[in-house]
Amino acid sequence: NICTVYEVRDGESTQEKPMQELTGHTGYVSCCQFQSSSKILTSSGDMFSHLWDINTGDIISKFEGHGSDVLSLTVHPTNPALFLSSSCDGTVRLWDTRRDYSQRTFLASDPKAENRDVNCVSFHSSGHAFASGADEGTCRVFD
């Protein structure tokens, strides 16, 4: 339930003492993505994503909306305020860190599938499309 941040200097990690331990999720941490050099997004089995200040260890924002574990995150390549999250609820959600609710929900797996987990999501380098991969054996591209 902890995202541990280590300082890296000259390509070597100083793993003896963490720079910061980000505690606040009640479920396992499934993914993390930097939003900037001082902010990181995490996703968790507690159905939340959090935006953290790495320097203080404080939660800046909590993002709630998925109906099951949040498995993956991806930050928009040109607008770091935007990110996508994928979940075991079969959806991908678009978030704006300046708001406290999701901007849009995409169905990313077959609602009739036995296992609807959407394991991964990634923005295209242009930021105009994204792809997701699901346990049902599909990869979907949203353009």
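**Exercise 1.** Classify R98 and its salt-bridge partner D96 as buried or exposed.

*Solution.* At 58% relative accessibility, R98 counts as exposed, given that buried means under 20% relative accessible area, exposed over 50% and partly exposed in between, with a 1.4 Å probe and protein chains only. D96, by contrast, has a relative accessible area of 9% and is therefore buried. The closest N and O atoms of D96 and R98 are 2.8 Å apart, which satisfies the rule for a salt bridge, namely a side-chain nitrogen of Lys or Arg within 4 Å of a carboxyl oxygen of Asp or Glu.

The model is predicted, so local features need pLDDT of at least 70 and side-chain atom pairs count only at pLDDT 80 or more, whereas totals for chains, interfaces and linings use all residues. Residues are numbered from 1 along each chain as its sequence is written, and side-chain values use heavy atoms, with hydrogens and water left out.

**Exercise 2.** Find how many salt bridges the rule yields, and describe the one formed by E136.

*Solution.* The count comes to two salt bridges. E136 pairs with R140, their closest N and O atoms being 3.1 Å apart. E136 is partly exposed, at 26% relative accessible area, and R140 is likewise partly exposed, at 27%.

**Exercise 3.** Determine whether L84 is buried or exposed, and which residues it contacts.

*Solution.* L84 has 1% relative accessibility and therefore counts as buried. Leaving aside neighbours within four places in sequence, L84 is in contact (heavy atoms within 4.5 Å) with residues including V92, V121, F123 and F130.
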